Amino acid sequence: MKAMLIDENKKLVWSEVPYPKMGEEDVIVRIHAAALNRADLLQREGKYPSPPGCPEWMGLEIAGEIVEIGERVSKWQAGDKVCALLGGGGYAEYVAVKEDMLMPVPKGLTMEEASALPEAYATSYLNLFIEGHLEAGKTAFIPAGASGLASVAIPMAKAFGARVITSVLSDEIAEKIRPLGADLIINSAKEAVEEVLKQEEENGTPVAVSMDCLSGETLGKSLPYMARGGYWVVISTLAGIETTVQLRPLLTKGLHLVGSMLRNRTPAFKAALLAELVEKVWPKIESGAIRPSIYKVLPMEQAEEAHGILQRCENVGKVVLKVI
């Protein structure tokens with residue numbers, strides 16, 4: 001079979017690799033589509049390797065069809081259409097997956113749309129509702145509104161009854177993401193995020209949960225204006241690894257500053273998270289209340305171009321590589 005490897009010059013090369021080995025609790029999935037994540041770019045630079053036991057090539061979320069099942073697999077059959085959360089290995093023709101890392105493709109979705117679900121939807125659900133304790137009627141701040149992750153998190157939070165604030169870098173981007181349904185879009189090139197969040201608190205609609213992929217200085221400046229008992233969940237540090245936190249409001253408001261990564265969770269935790277996604281989120285997808293936002297679908301052979309779209313921050317929604 002073939003997979004997309006990284007050569008010594010960090011170029012992507014569609015190369016022959018061994019067919020995956022299947023354990024007793026594994027299935028082999030013939031991959032139809034693989035969605036991109038910024039973690040793929042980090043892995044390409046050598047900064048985010050696959051966990052032990054996973055293929056060395058990139059790819060955290062895929063959709064496809066089961067072609068083989070292990071001896072102890074009971075939940076699935078050959079021919080089932082599934083999407084899967086992977087530790088790595090999605091940029092390929094086939095992958096071996098533990099049966100509890102699989103989810104059914106929701107009714108009405110294409111393989112390309114389904115490939116955009118596992119990582120992004122699991123990350124959003126984990127950090128909004130499990131780490132962030134988001135409830136209907138509360139306000140969530142989800143910065144970087146044009147990102148693939150925000151294209152999932154904003155509609156998800158809205159579908160569960162939350163009010164949503166996001167931020168972008170220009171009025172043009174604000175218009176592009178308006179269909180996602182955010183209640184307030186901050187153009188951070190024109191106004192300071194912390195000043196807007198301060199005004200929100202004064203208006204009686206303080207941020208109860210932030211799912212923050214940017215962090216940096218804005219985090220420390222914004223934290224004092226959160227709702228009492230609020231959760232600021234740091235999932236990445238794209239805007240900087242340092243900030244200054246005022247401890248007094250952290251203490252007096254009982255605020256929670258939480259670091260969260262999906263990749264380092266135990267297999268048992270991930271399996272339980274995916275099961276909860278199917279139970280609570282899949283019905284909203286099938287009803288149309290939430291829909292994957294796909295920016296562009298490219299053939300696997302154009303992975304270089306797909307990575308360039310992410311690197312240049314051109315996409316509003318997910319970029320997907322089609323294998324077959």
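Reader: Is strand β12 (residues 226-234) mostly covered or mostly open, and how many of its nine residues are buried?

Author: Good place to start. Keep in mind that this is a predicted model. Strand β12 spans residues 226-234 and is mostly covered, with seven of nine residues buried. On the way into β12, the chain leaves β11, passes through helix α7 (residues 217-222), and makes a right-handed β-α-β crossover.

Reader: Which strands does β12 pair with, and how do they run?

Author: Let's take the partners in turn. Strand β11 (residues 207-212) is joined to β12 by five bridges, and the two run parallel. One residue pair to look for is Val207 with its bridge partner Met226 in β12. Strand β13 (residues 256-259) also pairs with β12 in the parallel sense, over four bridges. There, Val233 has Val258 of β13 as its bridge partner.

Reader: Thanks, that is easy to follow. Now for backbone angles: which sign of phi do most residues other than glycine have?

Author: Most residues other than glycine have a negative phi. A positive value is therefore something to look at when the residue is not a glycine. In this model, Lys10 has a positive phi of about 65°. Lys10 sits in the loop between β1 (2-6) and β2 (12-16). Its relative accessible area is 36%, so Lys10 is partly exposed.

Reader: And what is the phi of Ala144, and where is that residue found?

Author: Ala144 has a positive phi near 60°, and it is not a glycine either. You will find Ala144 in the loop between β8 (139-142) and α4 (148-159).

Reader: I always check cysteines before choosing a buffer. How many disulfides does a search of the whole structure find?

Author: First the idea: a disulfide is a covalent bond between the sulfur atoms of two cysteines. In this structure, the search finds zero disulfides. Take Cys54, which is in no disulfide: the nearest cysteine sulfur belongs to Cys83 and is 17 Å away. Cys54 is partly exposed, with a relative accessible area of 30%.

Reader: Why is Cys313 not bonded to Cys213?

Author: Distance is the reason. The closest cysteine sulfur to that of Cys313 is in Cys213, and because they are 10 Å apart, they are too far for a bond. The cut-off used here is 2.5 Å between the sulfur atoms.

Reader: Does Cys313 count as buried or exposed?

Author: Cys313 counts as exposed, because its relative accessibility is 53%. For comparison on your screen, look back at Cys54, which is partly exposed at 30%.

Definitions and conventions. Residues numbered from 1 in each chain as written. Predicted model: local features only at pLDDT ≥ 70, side-chain atom pairs only at ≥ 80, totals over all residues. Heavy atoms only, no water. Buried < 20%, exposed > 50% of the residue type's maximum accessible area, 1.4 Å probe, protein only. Pairing = 2+ DSSP bridges. Right-handed = clockwise from strand over helix to strand, strands pointing away.
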